[in-house]
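Okay everyone, thanks for coming. Let me put the structure up and then walk you through a few spots.

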Amino acid sequence: MSNFTERGNEIQDLVIHESLVQLVFPFTIERTLSENLVDELIRKDYRFFQIQDGDMETAFYGNHRVSHRALEKNFLPNIEPLLYPPSYKERHAFRRFSKVINLDCEMISEHVQTAFKILSIDVIICPFKIGMINMRVELPKDMPISEALEFVDIIRVMEPILEPEMQTDIVYQGHTYKKMKDFIFEEVCPFLIDYMDTYQAGSTYFGSLPFFIDERMYVVGFFALPEESKISPQDLYRFGHVNGFDTRGEPFIGASNLDYIKSYLKKHTYDRWADETFYLVSEYIFACISTGNKGLKNMLASQMYGEYYYAFLLFYYYRIALMKLTYDQSQISIETKETGIEDLIVSITDFSSKFYYPEVNSRVSGREIFAKVKEIYNIEELYRQVKNTLNDLYQNQDKLTTNRNNYLLQILTTYTVISGIYGMNLVIQDWEGRIKWSKIPKYSFFEWISLIVAISGIAIGTMLAFQALWKYLAEKRRRKRKVV
């Protein structure tokens, strides 16, 4: 990382002129309620995002503008219908509903007390019953890095675990909330709880994903520093790990070895425009940090609200969906019903064919930045695991089908043998015309066999016919009702 100035382990507390933060929270949607949620969002005056609507370019981003033309040109043509569906009725796409809320709030913690403003909120309904909430937050101008990072580190916590997190208050219109999840689901969008899948193993809050790190929101941020600022490796490392203050209230960095810091940044930082602008991606944050002029900063903010936001959403969705499919596979055993295995096979096949694309960006810089995103999110490895899962599922299904066919073949063979002993004719004279029921108790041993085989054969044959018809109709209903 030759673009950085080495200054030992010094921690500088630069000022951030403008901090634009987006907090993304994924959740699962109740299986049958996706369309009900769409109707609810429309009733609550959420606007369905349409790339053709030029009025939306300035509607949700405070003082910034997002160019829809740039959005359209940023992705390959086959990606656009997935990200920008023409109608909210398109179920196989990302359906984004946005609303301006402009909530003036305050956060009070042990080391930071600051106002912040929630500009707008997105609720995004994705395939495979995955939903996302995105809140756009604007911090006061000219905040020290340590205060801004401490704010971000605390505000993204949904369920406080550590002691400093438990001592935090979110204040809005005189109401104080100890937990960010309570503030979101009681103040920002209280109706959303009714549509979340609350029956999840190990859930710590409504809508949590048992296969995902679910106690913190992911951060997408743009941080504009004054033009004379010099960004050091330590500064970038702090952004990557969202390091604010330590327990004593001093600026904190989670590493002291400069070589280690540089090695970390080589993997996590895109420095094509260093020393002026850096893009950084980690498990906690996707950020753009810049000391450029006002025009450059406006363009970068627009990108982080626009094309890079959508690219992030796509890869973040890939990560969640792939982990969900892997988790679903882990819940399947050899005793699982065949329909469950078939549904998972269809889901994996649909994801691979309709939603997963190795290349999504049409521009070189976008491809290079999100190559790092794919690497950090481990997308390729997760995808390989899911493809291997598909082979395992086929083997599992073959085993179930073979066992079922063997049982059926044994039954049919038994009836064939008995029928052969009787010369392929199980009918006796008492059954011709009007059945003589009074003679049945006097049947001989072999006549009783004939009676039992005939009645059971008719019953089993009828049952198998109804079972096949029921399975056919149920499959048609499930396919018609199924929305990925």
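Let's start with Cys-105: at 5% relative accessibility, Cys-105 counts as buried, where buried means under 20% relative accessible area with a 1.4 Å probe and protein chains only. Cys-126 is buried too, at 4%. And how many disulfides does a search of the whole structure find? Zero, taking a disulfide as a pair of cysteine sulfur atoms within 2.5 Å.

A quick word on the source: this is a predicted model, where local features need pLDDT of at least 70 and side-chain atom pairs count only at pLDDT 80 or more, while totals for chains, interfaces and linings use all residues. Residues are numbered from 1 along each chain as its sequence is written, and side-chain values use heavy atoms, with hydrogens and water left out.

Now the inside. The largest nonpolar core (buried Ala, Val, Leu, Ile, Met, Phe, Trp, Tyr and Cys joined through side-chain atoms within 4.5 Å) has 70 residues, and among those touching the most other members are Phe-116 and Ile-133. Helix H4, residues 145-155, gives the most to this core, with seven residues; helices here are DSSP runs of H or I, at least four residues, numbered from the N terminus. There's also a second, separate core of 68 residues, including Phe-60 and Tyr-357.

Next, have a look at helix H7, residues 233-241. Eight of its nine residues are buried, including Asp-235 and Arg-238. Just after H7, Val-242 takes a positive phi of about 50°.

Key: Buried means under 20% relative accessible area, exposed over 50%, partly exposed in between (1.4 Å probe, protein chains only). Helices (H or I, at least four residues) and strands (E, at least two) are DSSP runs, numbered from the N terminus.
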